[in-house]
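User: Hey, got a minute to walk me through this model? I'd like to start with the cysteines.

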Amino acid sequence: MSHRKLKGDYLFTGSRLLHGVNVLIVETDSGEVIEIVHENEAGENVEIYDGIICPGFINAHCHLELSHLKGVIPEHTGLVDFVLNIIALRNYSPDVILDSLSKAEEEMRSNGIVAVGDICNNALTVSPKMKDRINYYNFIEVSGWVPQGASMRFNHARTVYDEFLKNELCASMVPHAPYSVCDELWAELNSSFTNKVVTIHNQETIHEDSLFLRGKGDFIRMFEKMDIDISFYKAPNKRSLEVYFKNLSPAKSVILVHNTFTTAEDIEFINANKPAQQLVSFCLCPNANLYIEDTMPPVKLLLENNCRIILGTDSLASNHQLNILEEMKTIANHCPEIPLETMLSWATLNGAQALNMDTVLGSFDIGKTPGVTVINNIENGKITTESKAINLLNAGKIMNEQLS
């Protein structure tokens, strides 16, 4: 058995940022972590790299199937017009979509992403994902605001879900967003959440809470544009998260995505109502939030309330790249006081735990195969605008049985 010995200016283990006297030793072919030793004990043939050596990144929220829309939708439209653009523009030919998502996947691989929580509305991505270039947790998205169409919407999603399972790809059926899932559809979905990872777009725009609190806001315009009759709807006079969150109680892990307008009151509600063993993670996609709403998520608020933070890129329809390091740069630019060690934990171990992949990914614990990424152009222990993440070693494959 041959080994590789890897040393950088720093070594991030998944939870701690260590100085460069430490050497990571991995098995050459599998990438399995053997141990971390002091450089004086490493012997010969140590590979030296400038920057930080860290586990492969976890992109906890992406829409790979929208990669063909890169640069198509203008910035700062607001969420409602962004959604209307997606509906109008998403149906390109399968060949165009597959070519675009193949390039997007290679972009993620090259910049150190080893696992993705990917939103799926159809089975088009099944074939490329069977090539095992990246580990995927596939979230089969379900939406339907009109009660009469709930069963039809659920059955369509179930067909897509079954196609992923038939090809031995990990998947969950998940709600799209509070403003797009009616009570009848929640009832259909609820039993499918048991022991699964479930994700939902949460409070991405201020108009979400306006809809639930007062039955007003820009979503009324969206329903009118889509010719959806919402005369049946009566606003519950509660914030959206208070209305839907308990529906997620059967899930093992819950990923709330965006959270741009989440408040301290919402966080308090989650802490009071989540099951004791349930893992709740707040996925931040700051570059997408700036692209769509020109707003940053409340990073400091989440930190102050000890929330578990993870990172995602959203899609190329709402981002200029699929690059977790670029998300960290944006956060560092707006919140320079947050330690790099903290953000790296969001990008690695926290993300792996949220996707239930931490038995294999997320940290340099002995026996894991998390992949190895190098972040260069580090100054005084911080990332810079010139920093780049480079895939040094691929991660191991996650088997479905490892996710249960």
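Analyst: Sure, one term up front: buried means under 20% relative accessible area, exposed over 50%, and partly exposed in between, using a 1.4 Å probe and protein chains only. Also, this is a predicted model, so local features need pLDDT of at least 70, side-chain atom pairs count only at pLDDT 80 or more, and totals for chains, interfaces and linings use all residues. Residues are numbered from 1 along each chain as its sequence is written, and side-chain values use heavy atoms, with hydrogens and water left out.

User: Why does Cys-54 count as buried?

Analyst: Because Cys-54 has 0% relative accessibility.

User: OK, and how many disulfides are there in the whole structure?

Analyst: Zero turn up in a search of the whole structure, where a disulfide is a pair of cysteine sulfur atoms within 2.5 Å. For Cys-54, the nearest cysteine sulfur belongs to Cys-283, 17 Å away. Cys-285 is in no disulfide either; its nearest cysteine sulfur, also that of Cys-283, is 4.2 Å away.

User: Is Cys-285 buried or exposed?

Analyst: Buried, because its relative accessibility is 0%.

User: Switching topic: how many residues are in the largest nonpolar core?

Analyst: The largest one has 96 residues, and Phe-57 and Met-328 have the most contacts inside it. A nonpolar core here is a set of buried Ala, Val, Leu, Ile, Met, Phe, Trp, Tyr and Cys residues joined through side-chain atoms within 4.5 Å.

User: Which helix gives the most to this core?

Analyst: Helix H13, residues 340-354, with seven residues. Helices (H or I, at least four residues) and strands (E, at least two) are DSSP runs, numbered from the N terminus. Another core, of 22 residues, lies apart from the largest one and includes Leu-79 and Leu-211.

User: How do H12 and H13 pack?

Analyst: H12 covers residues 324-334, and it packs with H13 at about 150°, axes 11 Å apart. The axes are lines fitted to C-alpha atoms, for helices over the stretch in contact, and angles run from 0 to 180 degrees between N-to-C directions. Met-328 and Ile-331 are among the H12 residues making the contact, with Leu-344 and Trp-346 among those of H13. By contact I mean heavy atoms within 4.5 Å.

User: And which residues of H6 are buried?

Analyst: In H6, residues 206-214, the buried ones are Glu-208, Asp-209, Ser-210, Leu-211 and Phe-212. Their cover includes strand S12 (197-202), helix H7 (218-225) and helix H8 (240-244).
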